[in-house]
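Hi,

Here's the model I promised to pass on. Have a look, and my notes come right after.

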Amino acid sequence: MSTITSVSTPNAPSAIGPYSQAIKAGEFVFVSGCIPLVPSTMQIVEGGIEEQTKQALTNLKAVLEASSSSVGKVVKTTVFLKNMEDFATVNKIYEEFFSGSEHKPARSAVEVARLPKDVLFEIECIAVANK
């Protein structure tokens with residue numbers, strides 16, 4: 001049976017509910033939804049969709065690294081947008097974020113009515129842990 005462990009890092013916002021920043025299960029890492037909170041203040045980053053997207057991706061990277069994984073090991077992401085009109089802007093930042101990877105992860109992107117703390121962007125992922 002594979003080991004299941006909870007992941008926590010001070011380099012990303014702490015969970016704001018009864019969940020873990022990530023769970024490692026065997027060789028996989030399941031990262032919870034990352035929103036654009038600044039870890040040191042737990043406040044939403046100032047600015048609009050660009051700043052929020054960059055902060056959430058920075059948080060995602062921190063959780064991946066704390067999980068013994070990396071951006072290059074992400075196999076699937078789910079992006080949640082408050083407004084699909086922001087998709088082109090988000091897509092450009094997303095592409096830059098994953099540009100160092102040898103592959104492009106599978107992805108879903110959906111517009112939702114509301115996100116935690118009324119943010120504009122959230123992302124979750126599944127990755128492979130480094131061995």
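Below is what turned up, starting with the sheet and moving on to the cores.

A caveat before that: this is a predicted model, where local features need pLDDT of at least 70 and side-chain atom pairs count only at pLDDT 80 or more, while totals for chains, interfaces and linings use all residues. Residues are numbered from 1 along each chain as its sequence is written, and side-chain values use heavy atoms, with hydrogens and water left out.

Six strands make an open sheet, ordered 1-2-3-8-6-7 with mixed pairing. (Strands are DSSP E runs of at least two residues, helices H or I runs of at least four, both numbered from the N terminus; pairing takes at least two DSSP bridges.) At the edges sit strand 1 (4–7) and strand 7 (106–111), each paired on one side only. Strand 1 runs antiparallel to strand 2 (residues 22–25) over four bridges, with Ile-4 opposite Ala-25.

Now the inside. The largest nonpolar core (buried Ala, Val, Leu, Ile, Met, Phe, Trp, Tyr and Cys joined through side-chain atoms within 4.5 Å; buried is under 20% relative accessible area with a 1.4 Å probe, protein chains only) has 26 residues, and Val-31, Leu-60, Leu-64, Val-79, Phe-121 and Ile-123 touch the most other members. Helix 1 gives the most to this core, seven residues. Apart from that core lies another, of five residues, including Ile-35 and Leu-115.

Beyond four places in sequence, Ile-123 has contacts (heavy atoms within 4.5 Å) that include Ala-56, Leu-60, Val-79 and Tyr-94.

Cheers

Technical notes: Buried < 20%, exposed > 50% of the residue type's maximum accessible area, 1.4 Å probe, protein only.
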